[in-house]
Amino acid sequence: MDAKPTRVATPQPDEITREVVDLMANLVALFHREYEEAAAARSLTGAQAKVLALLRRGPMPMRQIAQTLSCEPSNITGIVDRLESRGFVTRQADLQDRRVKLVAATDTGATASEELRESLNFAREPLAALEPGERTQLRDLLSRMLTGAAGPGA
């Protein structure tokens with residue numbers, strides 16, 4: 001006997017959920033606008049700045065950069081080419097698999113990324129208006145939401 005798949009109903013958003021989604025969308029738009037402006041002030045595209053930000057975690061395979069940024073590997077090749085020509089990144093062979101190229105930020109690239117990060121003011125003043133406990137609670141709630149969005153096993 002074939003078991004029929006059970007269909008899980010998607011919960012309908014309530015008014016508070018809708019408001020939160022709208023507020024988050026406005027916050028994301030504000031962040032993107034300021035991020036692009038901060039990148040442009042350093043003669044970087046937003047994509048180049050995002051690659052440098054990812055590399056703060058350490059050297060990464062180009063394929064992983066592409067997956068993380070949800071773009072084609074060929075796009076990452078062009079971005080990395082331009083960053084490399086400016087001395088912001090280097091390519092190096094992975095010691096475990098010499099076919100894989102790791103991209104690493106140079107000191108110049110790491111400095112540019114940190115300066116860009118420090119120049120982002122969009123959340124500083126609004127966050128400063130919150131008490132330390134409220135900021136901690138907001139951080140924990142956002143972290144929980146992101147963990148839930150990643151799904152099981154992520």
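This is a short talk on one helix, its aromatic pair, a nonpolar surface patch and a buried glutamine.

Hi everyone, thanks for coming. A word of caution before we start: what you see above is a predicted model.

Let's begin with helix H1, which covers residues 15-41. How far apart are its end C-alpha atoms? They are 39 Å apart, and that agrees with the 39 Å that the 27 residues of H1 should span at 1.5 Å a residue.

Now, which residues of H1 are buried? They are Glu34, Tyr35, Ala38 and Ala39. If you turn the model, you can look for their partners: the buried residues of H1 pack against H2 and against helix H5, residues 107-119.

Tyr35 deserves another moment, since it brings us to the aromatic rings. The structure holds 1 aromatic pair. The rings of Phe31 and Tyr35 have their centres 5.4 Å apart, with their planes at 35°, so the pair is tilted. For those who like the cut-offs, stacked would need planes under 30 degrees apart, and edge-to-face over 60. Both residues sit in H1, 4 residues apart, which is about one turn of the helix. Are the two partners buried or exposed? Tyr35 has 8% relative accessibility and therefore counts as buried, while Phe31 is partly exposed, with a relative accessible area of 28%.

Let's move to the surface. Here we find a nonpolar patch of about 630 Å², made by Ile16, Val20, Val21, Met24, Leu127, Leu138, Leu142 and Met145. Which helix gives the most to this patch? That is H1, with 4 residues. H1 and helix H7, residues 132-150, each supply at least two residues of the patch. Take Ile16 as an example: it is placed in H1, and its relative accessibility is 57%, so Ile16 counts as exposed. The cut-off there is over 50%.

One last stop, and this one is for anybody who enjoys a polar side chain under cover. Gln48 lies in helix H2, residues 46-54. Why does Gln48 count as buried? Its relative accessibility is 6%, and buried means under 20%. Who does Gln48 touch, leaving aside its neighbours within four places in sequence? The contacts are Ser43, Ile79, Arg82, Leu83 and Arg86.

So, to recap: H1 has buried residues that pack against H2 and H5, and H1 also gives 4 residues to the nonpolar patch. Thanks for listening, and I'm happy to take questions!

Technical notes: Residues are numbered from 1 along each chain as its sequence is written. This is a predicted model: local features need pLDDT of at least 70, side-chain atom pairs count only at pLDDT 80 or more; totals for chains, interfaces and linings use all residues. Side-chain values use heavy atoms; hydrogens and water are left out. Buried means under 20% relative accessible area, exposed over 50%, partly exposed in between (1.4 Å probe, protein chains only). Contact means heavy atoms within 4.5 Å. Rings of Phe, Tyr and Trp (its six-membered ring) pair if their centres lie within 6.5 Å; planes under 30 degrees apart count as stacked, over 60 as edge-to-face and the rest as tilted. Patches are made of residues with over 30% relative accessible area and no salt bridge: like charges are joined within 9 Å, nonpolar side chains (Val, Leu, Ile, Met, Phe, Trp, Tyr) within 5 Å. Accessible areas come from the Shrake-Rupley method with a 1.4 Å probe; for residues, only the protein chains shown count as cover. A salt bridge is a side-chain nitrogen of Lys or Arg within 4 Å of a carboxyl oxygen of Asp or Glu. The expected span of a helix is 1.5 Å times one less than its number of residues.
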